[in-house]
Amino acid sequence: MKIVETLPNISEGKNKELINRIKDLSENFDKIWFISCKSDEYFNRSFISVVGELNEIETFLFEMVKICVANIDLRNHSGYHPRIGAVDVIPIVPLISTTFDEADNLVKRLAKKISESFELPIYLYEKSARNDYRRNINTLRKGEFEFLAKKMSFPEWEPDFGPNHPHPTAGATIMGVRDFLISLEFHINTSDRWLAEQIKQEISLNLPASVFLERKQNGKFSLTLNAKEGDVSLYLLYSKVKTIIEHFGSEIEKVTLPSPLTGKLFLHSFKNLIGNLDGELFTIEEKLLTESQITKTKHISNEEK
């Protein structure tokens, strides 16, 4: 079975009914699994993780965009996290038995269909980008939704798919194939913003990761790191961050996972830790998914028996 992960970022962190509709949508597919959703009211954003078979993911994402375009109006949206679209970004990550070309073809088919169906501009990023200057998502988000129309008036910002103007309420969407991201959130025992900013700066200088600083409801700060799987191991990421935080006289109170990690990531981290692990690295779960056609177990009611 060809398995990919998609991690759509939705510009809505308060409307639980909308997120539940997306979760319920995933239940209509035999080979789609809704893994997690983290909604943040401060960001006014939801980070969704869905895993599934290549073709079913394509259909699921189209229907998800349809729901979001109809229900999210960026003219009335505010939040700390930068965004240009109601469905701000749709990353596609090849997981099992899926090549880059297969994942990239999915992105381009879906981008064409979405742009034509909803008159929604689509920008390709990361490994799917047609221009190097569009690979970085922060470049694409610069100016956000509020300046998107002006930005798109310049020839260099013509979208890869769709009209050369923003959707009036849904803006534009960013799509592309990217590497798996390691995402860790470090909760630290300080409410001193200056100190937290110094820790953030030191981490940014010493690790190939994007770092986001956030003050929690208890007044203390957390640091969320996103790093590409091929750039740093999970173990090295954790140990270096721990060293930097302790260097500034602070401590890690807890670590949370903003998005789920794969078993293979832990295997590679273990390999890097001990240095001489031999043999092919794979998990039992990966082997099962590769060699079988697993579908959801349907509950059969007494009436259907």
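Here is a chat about some side-chain contacts and surface features of this predicted model.

Reader: Let's start with the outside. Which element gives the most residues to the nonpolar patch on the surface?

Author: The patch is formed by Tyr-235, Leu-236, Phe-270, Leu-273 and Ile-274, with about 440 Å² of accessible area together. Two elements give two or more residues to this patch, namely α7 (234-247) and α8 (263-274). The one that gives the most, with three residues, is α8.

Reader: Is Tyr-235 buried, partly exposed or exposed?

Author: Tyr-235 lies in helix α7. Buried would need under 20% relative accessible area, and exposed would need over 50%. Tyr-235 has 41%, so the word for it is partly exposed.

Reader: On to the rings. How are the planes of Tyr-133 and Trp-157 arranged?

Author: The count for the structure comes to seven aromatic pairs. In the pair of Tyr-133 and Trp-157, the ring centres are 5.5 Å apart and the planes stand at 90°. Planes over 60 degrees apart get their own label. That is why this pair is called edge-to-face.

Reader: And how far apart in sequence are the parts that this pair ties together?

Author: Tyr-133 sits in the loop between β6 (122-124) and α4 (137-141). Trp-157 is in the loop between α5 (148-152) and β7 (173-177). So the pair ties together parts whose separation in sequence is 24 residues.

Reader: Which residue has its charged end over the ring of Trp-157?

Author: Trp-157 itself is buried, with a relative accessible area of 12%, while its ring partner Tyr-133 is partly exposed at 37%. A charged end sits over the Trp-157 ring, 4.2 Å from its centre. That end belongs to Lys-151.

Reader: What about Phe-186 and Tyr-238: how is that pair arranged?

Author: Phe-186 lies in strand β8 (residues 181-188) and Tyr-238 in helix α7, so the pair ties together parts 52 residues apart in sequence. Phe-186 is buried at 0% relative accessible area, and Tyr-238 is partly exposed at 33%. Their centres are 6.0 Å apart, with 20° between the planes. Planes under 30 degrees apart have a name of their own, and the pair is therefore stacked.

Reader: How far is Lys-113 from the ring centre of Phe-62?

Author: Here, too, a residue lies over the face of a ring. The residue is Lys-113 and the ring is that of Phe-62. From Lys-113 to the ring centre it is 4.4 Å.

Reader: I noticed cysteines. How many disulfides are there?

Author: A disulfide needs two cysteine sulfur atoms within 2.5 Å. For Cys-37, the nearest cysteine sulfur is that of Cys-68, 10 Å away. Cys-37 is partly exposed at 29%, and Cys-68 is buried at 0%. A search of the whole structure turns up a count of zero.

Reader: Now the charges. How far apart in sequence are Arg-83 and Glu-146?

Author: These two form a salt bridge, with the closest N and O atoms 2.9 Å apart. Arg-83 is buried at 2% relative accessibility, whereas Glu-146 is partly exposed at 49%. Arg-83 is in the loop between α2 (54-71) and β5, and Glu-146 in the loop between α4 and α5. The pair links distant parts of the chain, with a separation of 63 residues.

Reader: Which strand holds Glu-253, the salt-bridge partner of Lys-220?

Author: The closest N and O atoms of this salt bridge are 2.6 Å apart. Both residues are partly exposed, Lys-220 at 28% and Glu-253 at 44%. Lys-220 lies in the loop between β9 (210-215) and β10 (221-228). Glu-253 lies in strand β11.

Reader: Last one: which residues are linked with Glu-214 in a network of salt bridges?

Author: The structure has 20 salt bridges by count. Glu-214, buried at 9%, meets Lys-216 in one of them, at 3.4 Å from N to O. Lys-216 is partly exposed at 22%. The residues linked with Glu-214 in the network are Lys-38, Glu-185 and Lys-216.

Notes:
Residues are numbered from 1 along each chain as its sequence is written. This is a predicted model: local features need pLDDT of at least 70, side-chain atom pairs count only at pLDDT 80 or more; totals for chains, interfaces and linings use all residues. Side-chain values use heavy atoms; hydrogens and water are left out. Patches are made of residues with over 30% relative accessible area and no salt bridge: like charges are joined within 9 Å, nonpolar side chains (Val, Leu, Ile, Met, Phe, Trp, Tyr) within 5 Å. Accessible areas come from the Shrake-Rupley method with a 1.4 Å probe; for residues, only the protein chains shown count as cover. A salt bridge is a side-chain nitrogen of Lys or Arg within 4 Å of a carboxyl oxygen of Asp or Glu. Helices (H or I, at least four residues) and strands (E, at least two) are DSSP runs, numbered from the N terminus. Buried means under 20% relative accessible area, exposed over 50%, partly exposed in between (1.4 Å probe, protein chains only). Rings of Phe, Tyr and Trp (its six-membered ring) pair if their centres lie within 6.5 Å; planes under 30 degrees apart count as stacked, over 60 as edge-to-face and the rest as tilted. A charge sits over a ring if NZ of Lys or CZ of Arg is within 6 Å of the ring centre and within 35 degrees of the ring normal.
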